[in-house]
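Good morning, everyone. Please look at the structure on the screen. I will walk you through it step by step.

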Amino acid sequence: MSNAPDRYDVILLPEGVNKVECTQDILTKNTVVFKIEREDHTLGNLLRMQLLRDPRVFFAGYKAPHPLEYHILIRVQTRPDPSASAAAAGAFDDGDAAFREAMLTPGRAATPGRGGEGVKYPPEEALALALEDLKSEVSLIKERVKMAIDLYQGSRPSAYGQYR
């Protein structure tokens with residue numbers, strides 16, 4: 001007999017519970033707290049690091065409140081004043097990671113005709129952009145791993161002792 005929780009409680013989302021909840025922080029401007037159910041430090045740290053790569057994100061942090069509570073809280077605060085890279089926020093809708101990377105490179109000017117003064121960059125958009133960037137990075141890593149496996153298998157001797 002044990003008082004330990006069931007193992008599947010850590011990964012299965014109960015009925016009626018949303019995977020992600022979003023609440024506005026009333027004490028700090030441009031700040032949102034995301035509660036992500038059934039996730040741990042792995043996803044929390046990945047999202048925090050990805051969010052901090054964006055120059056328009058002022059603060060990003062996460063915490064796992066308790067080991068027996070199976071969710072993480074991610075806090076995102078964006079800069080209140082738009083910068084040159086924030087002026088291009090309208091151009092991020094196409095999901096093209098290469099364009100996004102080029103636009104976020106320091107020292108580049110914003111694309112004319114896209115956005116302008118007063119463009120807002122909400123924390124919700126920052127998290128969505130970070131998730132999209134992670135998705136493209138993971139697919140790139142996946143392709144590189146496949147190439148490395150193919151190279152390894154091509155140089156490995158076959159069952160007959162000869163190289164392929």
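**Where to be careful**

Let's start with a weak spot: over residues 82-96, pLDDT stays under 50, and the model has 31 contacts beyond four places in sequence for this stretch. Keep in mind that this is a predicted model. There is a second such stretch. Over residues 102-117, pLDDT again stays under 50. The model has 23 contacts beyond four places in sequence there.

Which element has the lowest confidence, and which the highest? Helix H2, residues 97-104, is lowest, with a mean of 46. Strand E3 is highest, at 94. Across the protein, the average pLDDT is 75. And 70% of the residues score at least 70.

**The overall plan**

Now the parts list. There are three helices and four strands. Reading from the N terminus, the order is β-β-α-β-β-α-α. The protein has 164 residues, and 25% of them are buried. Its accessible surface is about 11,400 Å². Carbon and sulfur atoms hold 57% of that surface.

How far along the chain do contacts reach? Take the contacts with a separation of 6 or more. Of these, 57% join residues 24 or more positions apart.

**The sheet**

Next, the strands. Four of them make an open sheet, in the order E1-E2-E4-E3. The pairing is antiparallel. Why do E1 and E3 each have one side without a neighbour in the sheet? They stand at the edges, and each has a single partner strand, so one side is left free of a neighbour. On average, neighbouring strands are turned by 15° against each other, ignoring direction.

Let's go along the sheet, starting with E1 and E2. These two form a hairpin, with six residues between them. In the turn sits Asn30, with a positive phi of about 55°. E1 and E2 pair over five antiparallel bridges. Follow the partners with me. Val20 is opposite Ile36 in E2. Cys22 has Phe34 as its bridge partner. Thr23 has Val33.

Now stay on Val33 and look the other way. Val33 also stands opposite Arg75 in E4. E2 and E4 pair over seven antiparallel bridges.

So how covered is E2? Mostly: five of its seven residues are buried.

**Two residues to look at**

Thr31 is in strand E2. Is Thr31 buried or exposed? Thr31 is buried, because its relative accessible area is 0%, and the cut-off for buried is under 20%. What does Thr31 touch, leaving out neighbours within four places in sequence? The contacts are Gln24, Asp25, Arg75, Val76, Gln77 and Pro123.

Move on to Arg38. Arg38 lies in the loop between E2 and H1. With a relative accessible area of 17%, Arg38 counts as buried, because buried means under 20%. Again leaving out residues up to four places away, the partners of Arg38 include Asp9, Val10, Ile11, Leu12, Leu13 and Pro14. Lys19, Tyr70 and His71 are also among them. Look at His71 in particular. Arg38 and His71 are 33 residues apart along the chain. Yet their C-alpha atoms are separated by 5.0 Å.

**The core**

Last stop, the nonpolar core. The largest one has 16 residues. Which residues have the most contacts inside this core? They are Phe34, Leu47, Leu51, Val57, Ile74, Val76 and Ala126.

Where do the core residues come from? Five elements supply at least two each: strand E2 (31-37), helix H1 (41-52), strand E3 (57-63), strand E4 (71-78) and helix H3 (123-155). H3 gives the most, with five residues.

Now find Leu51. Skip its neighbours within four places in sequence. Leu51 is then in contact with Val57, Ala60, Ile74, Val76, Ala126, Leu127 and Ala130.

And how does H1 sit against the strands? H1 lies across E2, E3 and E4. H1 runs at about 175° to E3.

**To wrap up**

Three things to take home. The sheet has four strands in the order E1-E2-E4-E3. The largest nonpolar core has 16 residues, and H3 contributes the most to it. And be careful with residues 82-96, where pLDDT stays under 50. Thank you.

Methods: Residues are numbered from 1 along each chain as its sequence is written. This is a predicted model: local features need pLDDT of at least 70, side-chain atom pairs count only at pLDDT 80 or more; totals for chains, interfaces and linings use all residues. Side-chain values use heavy atoms; hydrogens and water are left out. A nonpolar core is a set of buried Ala, Val, Leu, Ile, Met, Phe, Trp, Tyr and Cys residues joined through side-chain atoms within 4.5 Å. Buried means under 20% relative accessible area, exposed over 50%, partly exposed in between (1.4 Å probe, protein chains only). Contact means heavy atoms within 4.5 Å. Two strands pair if DSSP finds at least two bridges between them. Axes are lines fitted to C-alpha atoms, for helices over the stretch in contact, and angles run from 0 to 180 degrees between N-to-C directions. Accessible areas come from the Shrake-Rupley method with a 1.4 Å probe; for residues, only the protein chains shown count as cover. pLDDT is the predictor's confidence in each residue, from 0 to 100.
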